[in-house]
Amino acid sequence: MIAGVAGLAAAASSVGMLIVTADGRVAWVNDALVDLVTGTRNPDSPFEARLAVAEAGLPLTGLHPAAPPAVLDWAGADGEPRRLRISCRDMSAGQPSELLLFEIVDLTGEAADAARAAEAAVTEAALAALAAGQRPAPADSGLAEDLPPAGSSGPAAGGRDTDAAGGLDLEDAAWLDAAAAIVLAAGTEAPSPAQPGGGPEAADAGYALDHSDHALDHVADHGVDHAAGGADGHAADAAAAAGGALPAAPAVDPLTGFATRYAMAEELDGRIAAAATAAAAGTAVEAETSGPAGPPGCLLLLDVDHLADVNDLQGHTAGDAVLRGLAHSLRAELPEAMLGRLGGDEFAVLLPTGGGGEGLAVAERLCAALATRPVAPGELPARATVSIGVVPLDLAAGSEAAFAWADLALREAKRAGRNRARLFTREQYDEAALRVTVTSRVAAALDSGQMSLDVLPLVDLASREVVGFELLSRLRDGVWPELGPRGFLAAAEHTDLGLHLDRWVVLRAVNALVSGVPGRLYVNLAARSLHDPAFGDFVLSTLRDGRVDPSRLGLEISESAAVASPDAARRLAEQLGAAGCPVLLDDFGMQTGAVVALRNLPLWAVKIDANVVRNADANPRDRSLVEAVVQIARTAGMLVIAEGVDRASLPQVLLDLGVSLAQGYHVGRPRRLTELLGGPDGDDVTTVMSLGNRR
């Protein structure tokens with residue numbers, strides 16, 4: 001995908017473009033951004049270009065896909081102050097890479113006019129290739145490849161295989177994403193909806209890439225024929241914003257007869273603008289209507305739950321039948337609402353009146369009605385449930401914000417179990433903003449050496465000797481607010497950053513063992529690491545490279561991760577355990593179904609959660625639970641470790657119950673790994689190994 005963007009954007013782009021990975025690394029920059037930060041478009045190498053941009057101090061902090069474009073001050077390479085308009089787009093299309101595209105427009109002097117002219121030329125070439133059924137090639141290649149015919153199967157042009165149902169392959173999907181990026185770049189100079197002069201035309205270019213993932217999803221799920229309202233719609237939308245000569249984008253989705261994303265966005269912007277004008281009129285409006293104007297309505301974003309299962313098991317024709325049946329049901333349930341299909345399995349409903357409470361009530365009624373109504377009668381005997389996000393229009397400054405905020409609420413509905421509705425709240429926005437900020441801080445700290453490790457002793461209760469240490473990640477970047485482990489580990493847990501953090505800790509654990517740390521070291525694993533097929537090999541190869549006995553490195557799988565992903569947990573535990581690494585079940589006693597995980601995983605030990613252990617000396621119920629865990633563990637040949645031993649009365653009680661090992665403030669307080677290594681304060685990195693390319 002990065003290569004596709006690079007080829008399409010090429011050197012002719014006058015809008016600075018920057019792609020950043022989930023761990024905060026600069027993956028790609030275009031020549032325009034290099035020119036902006038260095039004054040030259042001819043750096044010594046692509047690496048030097050990325051390095052120059054990374055060190056330029058661009059004001060990217062706090063920007064994320066859900067936020068509107070920001071106009072910010074920045075000192076250029078010549079020291080002169082500049083005004084930049086920066087927007088952030090999600091390029092991941094739901095993939096684990098989580099790429100972010102930053103578009104940077106220099107508003108200083110006549111730079112914006114130059115950008116418009118240059119981008120118009122680039123866009124015209126890209127769209128001409130689209131119209132001719134060709135993939136625009138990288139600027140320096142002089143080549144263009146024919147796209148496979150819609151609905152074809154078997155080998156495509158160039159010998160590549162397409163999906164059996166006629167969909168594009170992964171390279172085609174990446175190309176569509178890149179096409180959306182270059183088309184969007186042509187429209188980014190238009191004023192944003194929140195600025196003077198902004199309007200529907202300005203918003204069209206803005207949302208084109210913001211929702212390009214929906215077009216990609218639909219191409220992947222349903223082939224090219226039904227993507228007319230998706231990728232092609234994006235091209236026409238952005239071309240209109242850039243002043244291109246292509247015909248207007250289609251207003252009707254050919255599969256369902258609903259409005260397309262373009263038409264929905266245009267209607268949204270019109271209603272939001274009208275509501276803002278009415279609100280600004282104030283007293284005059286109240287006088288004419290004998291009272292204040294009512295809420296302007298709500299946007300509902302619907303996603304069909306598990307449609308991919310239908311496509312995989314019964315084919316894309318069945319999937320299309322589900323979508324048509326759902327469209328029929330929506331018309332029957334909401335005859336007065338404007339209905340749209342945004343691409344793939346995502347629909348939109350625009351309610352003409354009411355606020356958030358009314359919109360949520362409609363959404364909950366829809367969930368209940370659709371769950372009991374068969375879809376596609378006569379074609380497919382199936383039912384489909386939906387997850388819905390709701391946002392009141394009086395909160396949004398334009399269609400882009402409305403779509404983004406409804407999507408945040410939709411994600412909350414999915415996290416809550418699907419087949420339900422959620423209303424957008426400011427907390428969802430703040431949580432997303434915090435997640436982006438926190439993960440950026442952790443990624444930067446990993447690269448700059450501001451991430452460090454503490455060690456928590458593990459004590460044998462019988463001998464009171466320290467037999468090992470648990471490694472605890474600590475963020476010490478000097479940035480306010482300070483973040484403890486709970487502040488950043490939860491944000492990284494299910495992302496690639498969690499995987500990178502785990503690998504970083506494993507490397508430093510092996511470094512420490514090579515450097516002479518006594519006993520065994522224990523590393524907590526993020527949920528993301530369980531699903532990485534290469535993580536087990538990484539751990540074992542790192543141990544081999546350091547010539548460290550695998551028995552000296554313990555890996556802890558949390559109870560919640562083991563319950564949520566039992567197969568992945570078992571595969572990793574079997575691989576590491578067979579090689580000699582002790583595998584532990586961490587935080588036991590807090591999840592329903594944990595006993596099953598305890599029984600099915602090949603474990604060396606189980607760690608009882610501190611919330612259970614802490615009152616084992618005073619609460620008979622907790623004491624009975626500890627005793628039961630000990631009995632199960634003994635039967636399975638496992639040791640039992642107690643967490644949270646923070647009082648003098650606990651060690652003897654636990655020892656009497658059969659607990660072998662313990663950790664907690666009473667038996668041993670945490671300290672920095674540097675102290676254990678005897679090195680200088682703040683330096684817990686040995687020279688035995690470095691992270692290098694092992695990410």
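**Helix 21, two sheets and a hairpin**

Me: How many residues does helix 21 have, and how far does it reach from its first C-alpha to its last?
Reply: Helix 21 (residues 566–579) has 14 residues and reaches 20 Å, close to the 20 Å expected at 1.5 Å a residue. That expected span is 1.5 Å times one less than the number of residues. Helices (H or I, at least four residues) and strands (E, at least two) are DSSP runs, numbered from the N terminus.

Me: Before we go on, what kind of model is this?
Reply: This is a predicted model, in which local features need pLDDT of at least 70 and side-chain atom pairs count only at pLDDT 80 or more, while totals for chains, interfaces and linings use all residues. Residues are numbered from 1 along each chain as its sequence is written, and side-chain values use heavy atoms, leaving out hydrogens and water.

Me: Great. Which residues in helix 21 are buried?
Reply: Ala568, Ala569, Leu572, Ala573 and Leu576 are buried in helix 21. Buried means under 20% relative accessible area, exposed over 50%, and partly exposed in between (1.4 Å probe, protein chains only).

Me: And why do they line one face of the helix?
Reply: Seen down the axis of helix 21, the buried residues fall within an arc of 125°, so they line one face. The arc is that of the directions from the helix axis to the C-beta atoms. As background, an α-helix has 3.6 residues a turn, so residues three or four places apart point the same way.

Me: What does the face turned away from the buried side carry?
Reply: That face of helix 21 carries the exposed residues Arg571 and Ala578.

Me: What covers the buried residues of helix 21?
Reply: The cover includes strand 17 (520–525), helix 18 (527–530), helix 19 (535–546), strand 18 (553–558), helix 20 (559–564) and strand 19 (583–588). Contact here means heavy atoms within 4.5 Å.

Me: What follows helix 21?
Reply: Gly580 does, and its phi is positive, near 110°.

Me: Zooming out, how many helices and strands are in the chain?
Reply: The chain has 26 helices and 23 strands. Of its 695 residues, 52% are buried. Among contacts with a separation of 6 or more, 65% come from residues 24 or more positions apart.

Me: Switching to sheets: in what order do strands 9, 10, 8, 13 and 14 form an open sheet?
Reply: The order of these five strands is 9-10-8-13-14, and the pairing is mixed. Two strands pair if DSSP finds at least two bridges between them. Strand 9 and strand 14 (421–423) are the edge strands, each pairing on one side only. Neighbouring strands are turned by 20° against each other on average, direction ignored.

Me: Is edge strand 9 largely enclosed or open, and why?
Reply: Five of the six residues of strand 9 (residues 338–343) are buried, so it is largely enclosed by the rest of the structure.

Me: How many bridges join strand 9 to strand 10?
Reply: Five bridges join strand 9 to strand 10 (residues 346–351), and the two run antiparallel. Arg341 has Phe347 as its bridge partner in strand 10, and Met338 has Leu350. The two strands form a hairpin with two residues between them, and Gly344 in the turn has a positive phi of about 60°.

Me: Which strands does helix 14 lie across?
Reply: Helix 14 (residues 399–415) lies across strand 8, strand 9, strand 10, strand 13 (386–392) and strand 14, running at about 140° to strand 13. Axes are lines fitted to C-alpha atoms, for helices over the stretch in contact, and angles run from 0 to 180 degrees between N-to-C directions. Helix 14 is mostly covered, with 13 of its 17 residues buried. Just after helix 14, Gly417 takes a positive phi of about 125°. Helix 9 (residues 261–281) lies across strand 8 (298–304), strand 9 and strand 10, at about 130° to strand 9.

Me: One last thing: what does Glu333 touch?
Reply: Glu333 touches Arg365, Leu366, Ala369 and Arg373, not counting residues up to four places away in sequence. Glu333 lies in helix 12 (residues 316–333) and is buried, with a relative accessible area of 18%.
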